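Me: Could you take a close look at one part of this model for me? I'd like to hear about the charged side chains and how they pair up, plus whatever else helps to place them.

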Amino acid sequence: MTPDGRDTKGERTRARVVEAALATLAEDGYAAASMRRIAQRAGVAPGTIYLYVPSKAHLVHLVYDAVTERIVERLASELGTTRAFARRLDAAMTIVLDEIAPHHAVAVEMLGASLDPASPTSPFGDASAETRDRMIAALGTVVAGSDLRADAEVLEALPELLWAAVMAVMLAWSMDRSDDQRRTRALVAEVVPLVDDLARASRLPVLRGQARRVLALARMARELGDA
């Protein structure tokens with residue numbers, strides 16, 4: 001986007017490449033998708049596509065980035081003035097499941113690589129840091145705009161904990177063989193009120209210490225992938 005708000009030719013080309021890549025991966029899966037077919041679909045020369053997608057492995061990161069962008073946009077527009085934390089969290093998780101739905105086959109294919117922080121396809125790696133931070137910030141709005149009252153340390157950590165919960169849900173979703181992954185949606189429907197109850201309970205003096213121990217364990221888990 002230029003300073004005066006106009007799209008440049010390069011940005012329009014990139015948008016076509018992204019849409020072509022997403023459509024091809026959704027239709028063909030990762031193994032069968034070819035860079036040449038994506039280039040043809042986007043209407044660009046085969047060599048041009050590598051300006052936007054350095055390698056086939058980066059296609060998965062492209063999906064992650066594009067899906068995250070759509071989730072962030074929908075969270076901003078659809079949460080509205082709803083204050084109840086459980087309702088906001090339920091809406092957020094529904095948006096996540098809606099947006100990842102077309103990419104189930106790719107997620108199954110790439111499950112192993114996505115768990116390796118060193119892989120360019122991993123949402124946990126350095127290559128995904130900017131996208132990951134956008135998602136955590138968006139989940140922060142789920143908390144900030146709600147009526148949730150919880151321990152101060154829990155509130156501060158909650159956006160990142162919710163991101164971890166989203167990753168766990170996506171792992172379950174990738175292994176879900178039910179039609180339209182309905183079992184994952186049923187799981188989310190049970191987990192959301194539990195998260196709400198646990199977060200609110202952290203304000204109770206008798207449970208505050210345990211809540212902070214859980215946070216310490218979460219920080220330890222987060223550091224497992226560090227060099």
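Reply: Arg74, Glu78, Asp98, Glu99 and Arg185 hang together as a network of salt bridges. Keep in mind that this is a predicted model, so everything here is computed from predicted coordinates. One link in that network is Asp98 with Arg74, whose side chains meet at 3.8 Å, N to O. The pair ties together distant parts of the chain: Asp98 sits in helix 4 (residues 85-100) and Arg74 in helix 3 (residues 58-78), 24 residues apart. Is Asp98 buried, exposed or something in between? At 32% relative accessibility, Asp98 is partly exposed, because that category runs from 20% to 50%.

There's another cluster to look at, around Arg37. Its partners include Asp28, with the closest N and O atoms 2.2 Å apart, and Glu27, at 3.4 Å from N to O. The Glu27 pair also joins distant parts of the chain, with Arg37 in helix 2 (residues 35-42) and Glu27 in helix 1 (residues 9-32), 10 residues apart. As for accessibility, Arg37 is partly exposed, with a relative accessible area of 32%, and Asp28 is partly exposed too, at 27%. In general, side chains of opposite charge can pair when their charged atoms come close. Over the whole model, the salt bridges number 14.

Now for a helix with a kink: helix 8, covering residues 152-175. Its 24 residues reach 35 Å from first C-alpha to last, close to the 34 Å expected at 1.5 Å a residue. Even so, helix 8 bends by about 50 degrees at Leu158, and a proline, Pro159, follows within four residues. Both Leu158 and Pro159 are buried, and so are Val154, Leu162, Trp163, Val166, Met167, Val169, Trp173 and Ser174 in this helix. At the N-terminal end, Asp151 acts as the cap for helix 8, with a side-chain oxygen 3.2 Å from the backbone nitrogen of Glu153.

Last, a word on confidence. The average pLDDT for the protein is 89, and 96% of the residues score at least 70. Residues 1-6 are another story: the pLDDT there is below 50, and beyond near neighbours in sequence this stretch has six contacts in the model.

Key. Residues numbered from 1 in each chain as written. Predicted model: local features only at pLDDT ≥ 70, side-chain atom pairs only at ≥ 80, totals over all residues. Heavy atoms only, no water. Helix = DSSP H or I, 4+ residues; strand = E, 2+ residues; numbered from the N terminus. Expected span 1.5 Å × (residues − 1). Bend = angle between axes of the 7 residues up to and from the residue. Buried < 20%, exposed > 50% of the residue type's maximum accessible area, 1.4 Å probe, protein only. Polar contact = N/O pair within 3.5 Å; in protein donor to acceptor, adjacent residues only side chain to side chain. pLDDT = per-residue confidence, 0-100. Contact = heavy atoms within 4.5 Å. Salt bridge = Lys/Arg side-chain N within 4 Å of Asp/Glu carboxyl O.
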